[in-house]
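Open your viewer and load the model, and let us walk through it together. At each stop you will hear what to select and what is there.

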Amino acid sequence: MTGLLIQNTLLKQAEDRVEKTVPPAQRDNYLKIVVAGMKYAMHKGQDGLLASLRDSKDPVSDSVKGAIAIVGVLRGNAKGTMPLEAMIPATMSLMFHALDFTEKMKLLTVTEAELDKATHMFMDTILPLLNVPKAKLDESMNQVHDFVRDPDKMAKYRGQQNGAAKLG
């Protein structure tokens, strides 16, 4: 959701990258899942799932597990199917929002190390649930990690984002 509500720059960039993987034909489904997931996470206010992170002993793990659980509930309630091309990126986006919330609550400072930990935990948790081969996941994750760790690619990406902001 192009960083909607996310304040941490690293998490905004991660969400932007994830959104770019969503096929255009699945964009509406992706947005529906993210919006429904955010509503679900906040629907009980101070007693809701998102607010429960304030008591977390492991905010990274709880953010990952919470995002996956929310989308699992939504998928179970979906009329028809929830396309993986929209579901997986939407779940990651919800994870980024949860991590950002934990940072706002001063439970943790999200750095590349925490984002890496969350991303690996996410993949290790969601893939078996979806019967996705680990080799395919590892290939995708290596591409993302190579991109994030390449200063030239990141500088170019940030330049594109700043140029897009100036045009809008």
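The tour starts with the whole chain, moves to one helix and its neighbours, and ends with salt bridges and a few single residues.

**Before you start**

This is a predicted model, in which local features need pLDDT of at least 70 and side-chain atom pairs count only at pLDDT 80 or more, while totals for chains, interfaces and linings use all residues. Residues are numbered from 1 along each chain as its sequence is written, and side-chain values use heavy atoms, with hydrogens and water left out.

**Stop 1: the whole chain**

Show everything as a cartoon. The protein has 7 helices and 0 strands; here helices (H or I, at least four residues) and strands (E, at least two) are DSSP runs, numbered from the N terminus. The order from the N terminus is therefore simply α-α-α-α-α-α-α.

Now colour by accessibility. Of the 168 residues, 43% count as buried, where buried means under 20% relative accessible area, exposed over 50%, and partly exposed in between (1.4 Å probe, protein chains only). For contacts, meaning heavy atoms within 4.5 Å, look at those with a separation of 6 or more: 72% of them join residues 24 or more positions apart.

**Stop 2: helix α4**

Select residues 84-104. This is α4, with 21 residues and a reach of 30 Å from its first C-alpha to its last, close to the 30 Å expected at 1.5 Å a residue. The expected span is 1.5 Å times one less than the number of residues. Is α4 mostly covered or mostly open? It is mostly covered, as 16 of its 21 residues are buried.

**Stop 3: α4 against α5**

Add residues 112-130, helix α5. Two packed helices are described by the angle between their axes and the distance between the axes. The axes of α4 and α5 come within 11 Å and cross at roughly 145°; axes are lines fitted to C-alpha atoms, for helices over the stretch in contact, and angles run from 0 to 180 degrees between N-to-C directions. The crossing is right-handed: a crossing is left-handed if the near helix is turned anticlockwise from the far one by less than a right angle, and right-handed if clockwise.

Show side chains at the contact. From α4 come L84, M87, I88, T91, M92, M95, F96 and L99, and from α5 come L115, A118, T119, F122, M123, I126 and L130. By class, this contact has 13 nonpolar, 2 polar and no charged residues. Ala, Val, Leu, Ile, Met, Phe, Trp, Tyr, Cys and Pro count as nonpolar, Asp, Glu, Lys and Arg as charged, and the others, Gly among them, as polar.

**Stop 4: α3 against α5**

Keep α5 and add α3 (59-77). Their axes are 9 Å apart, with a packing angle of about 35°, and this crossing is right-handed. V60, S61, V64, I68 and R75 in α3 meet a set of α5 residues including E114, K117, M121, T125 and L129. The residues of this contact divide into 9 nonpolar, 2 polar and 3 charged.

**Stop 5: salt bridges**

How many salt bridges should you look for? The count is 3, a salt bridge being a side-chain nitrogen of Lys or Arg within 4 Å of a carboxyl oxygen of Asp or Glu.

- Select D58 and K117, whose closest N and O atoms are 3.8 Å apart. D58 lies in the loop between α2 (27-42) and α3, K117 lies in α5, and they are 59 residues apart. D58 is partly exposed at 30%, and K117 is partly exposed at 40%.
- Select K104 and D100, with closest N and O atoms 3.1 Å apart. They are 4 residues apart in α4, so about one helical turn separates them. K104 is partly exposed at 39%, whereas D100 is buried at 2%.
- Select R27 and E19, which meet at 3.9 Å, N to O. R27 is partly exposed at 30%, and E19 is buried at 8%.

**Stop 6: two single residues**

Select K106, in the loop between α4 and α5. Most residues other than glycine have a negative phi. K106 is not a glycine, yet its phi is positive, about 60°. With a relative accessible area of 74%, K106 is exposed.

Finish at D28 in helix α2, which counts as exposed at 53%. Draw a distance from its C-alpha to that of A86: the two are 58 residues apart along the chain and separated by 8.5 Å.
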